[in-house]
Amino acid sequence: MNSKDKNTNKKLDLNLLPIFIEIFIHQSITKAGITLGISTTAVSNALAKLKYHFGDPLFLRDGLVLSPTKTAQELFISLQDDVDKLVNNVNSFGQNDYFNKIAIHCSPYISVRLLPKVSNAIWAKNPSCEIIHRSNFSDAKNNIHGVRLRMNDLFFALKPNSSRSMICVPVLDEPMYLFCSQQHPRMDKLINKDFSAETFVTFETPDDKFTQQHVAIRQALGENITLLKSDSYFALLSIIENSDKLGVMPQWLYEKFSPSFNVTALDQGKKMPSISIHLIYDKSSPISSIAGDIISVLSAQ
C-alpha cells in the first residue's frame, strides 16, 4: 500500500470540505478566508490537511491565482454530485417556501438596478429572510460553481450560462445610451452623428461579461479606439464629464445619475444594442419557487 492509499484510508474531517470549496471557487486562499470569515492561516492549515489526506498538492500557483489539479477538479465534481443528491433527498420529504437566508450574487450596477425589487419579492413570502449581497467575484465561471454548491443562491449576470445543471432566464433588457461631456470640443460633429474621430472609455469587468455587447457596439459605432476600461460606471461618468471621450451605458443608469454629472446623451443615428440581465440558479435547488416570483416581478417592469 503506497502513502497515498494510507492517507486516504484515514477519516477525513468534513469541516475541511467547505474550505476546499471556497478555495476552488475563488482560486485564492485570501478570498476563501474572507468569504468564510476565518483567517488566511486557518485556510492554509486546512489546505495542508487536505493535501496530506489526498496525497496531492490540489492547487498549483499560476500567477496570482491557484489552479486546481486533476485531483482537486475530480473532488469538486464529486462534491457537486453529492450536494445534488442531498438536496433531492431533502426535497422528497416536502419543501415549503420559507427560507432563512439567501445570497444574491451580482455586480454593483445590477444590484442598484434590481436588488430593491428582488429583495421585496423575497420578503413578500419570507419576511424574516436574511439577504446577503455578494459582489466581490473575479469571474463568472467560478461564481456559477458557487451558486451550484450553495443551494440558496441566486446569480444575476449579463452573460448567459449554458450549463445543464443550471436554470438561466433573461429577466430584463436594458437599452443603451451613447453620451459625452456637455462641453465636448467637437459637439457640432457629434450632433451630425460623426463619431469617426472619437475615442471611447468602456465598462468592462474581469470576466468580460460585456464581450458580446462590445462587439455589437463596435458594429454600430465603428472600430474606434478604447483608451480606458473600468468596472465602475460612476468612474466612467466622472471621466467623460472631464474629457473629450465618449461612453456607452444603460439608459436607466444614465437617466438616474446623469443629472449629477456634466454629460449629455447623443443621437447616434442607429439603435444601440441592448444588454440582457439573466437570473441563474441551480436546477435542483428548492429556491426555484422564489426565483419564479422574482421573474414575475421583473417581467412586469
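In the predicted model, A121 is situated in helix α6, which spans residues 108-125. With a relative accessibility of 11%, A121 falls under the 20% limit and is therefore classed as buried. When residues up to four places away in sequence are set aside, the contacts of A121 are with I294 and V297. The first of these partners is remote in sequence: A121 and I294 are 173 residues apart along the chain, yet a distance of 5.8 Å separates their C-alpha atoms.

This pairing of remote positions can be set against the chain as a whole. Among contacts in the protein chain with a separation of 6 or more, 77% are accounted for by residues 24 or more positions apart. The protein chain comprises 301 residues, of which 48% count as buried. Its secondary structure consists of twelve helices and twelve strands.

Helix packing is illustrated by α3 and α4. Two packed helices are described by the angle between their axes and the distance between the axes. Helix α3 covers residues 29-36 and helix α4 covers residues 40-54; their axes come within 8 Å and cross at roughly 110°. Because angles of 65 to 115 degrees count as roughly perpendicular, α3 and α4 are assigned to that class. The crossing of these two helices is right-handed. On the α3 side the contact involves I29, T30, A32 and G33, and these residues meet T40, V43, S44 and L47 of α4. By residue class, the contact of α3 with α4 contains four nonpolar and four polar residues, with no charged residue.

A hairpin is formed by strands β1 and β2, with two residues between them. Strand β1 consists of residues 59-62 and strand β2 of residues 65-68; the two run antiparallel and are joined by four bridges. One of the bridge partnerships links F59 to P68 in β2. In the turn, G63 adopts a positive phi of about 70°.

The chain region after the hairpin includes T69, which is placed in the loop between β2 and α5 (70-91). The relative accessible area of T69 is 10%, and T69 is therefore buried. Apart from neighbours within four places in sequence, T69 contacts D56, P57, L58, F59 and L60. F59 thus appears both as a contact of T69 and as the bridge partner of P68.

Strands of a sheet pair through backbone hydrogen bonds, either parallel or antiparallel. In an open sheet of three strands, the order is β10-β7-β11 and the pairing is antiparallel. Strands β10 (247-250) and β11 (263-266) form the edges, each pairing on one side only. On average, and with direction ignored, neighbouring strands of this sheet are turned by 45° against each other. Strand β7, comprising residues 176-181, pairs with β10 in the antiparallel sense over four bridges. Within this pairing, F179 has G247 of β10 as its bridge partner. Helix α10 (residues 233-241) packs on the sheet and touches β7, β10 and β11. The direction of α10 makes about 40° with that of β7.

Notes:
Residues are numbered from 1 along each chain as its sequence is written. This is a predicted model: local features need pLDDT of at least 70, side-chain atom pairs count only at pLDDT 80 or more; totals for chains, interfaces and linings use all residues. Side-chain values use heavy atoms; hydrogens and water are left out. Axes are lines fitted to C-alpha atoms, for helices over the stretch in contact, and angles run from 0 to 180 degrees between N-to-C directions. Angles under 35 degrees count as roughly parallel, over 145 as roughly antiparallel, 65 to 115 as roughly perpendicular and the rest as oblique. A crossing is left-handed if the near helix is turned anticlockwise from the far one by less than a right angle, and right-handed if clockwise. Contact means heavy atoms within 4.5 Å. Ala, Val, Leu, Ile, Met, Phe, Trp, Tyr, Cys and Pro count as nonpolar, Asp, Glu, Lys and Arg as charged, and the others, Gly among them, as polar. Buried means under 20% relative accessible area, exposed over 50%, partly exposed in between (1.4 Å probe, protein chains only). Two strands pair if DSSP finds at least two bridges between them.
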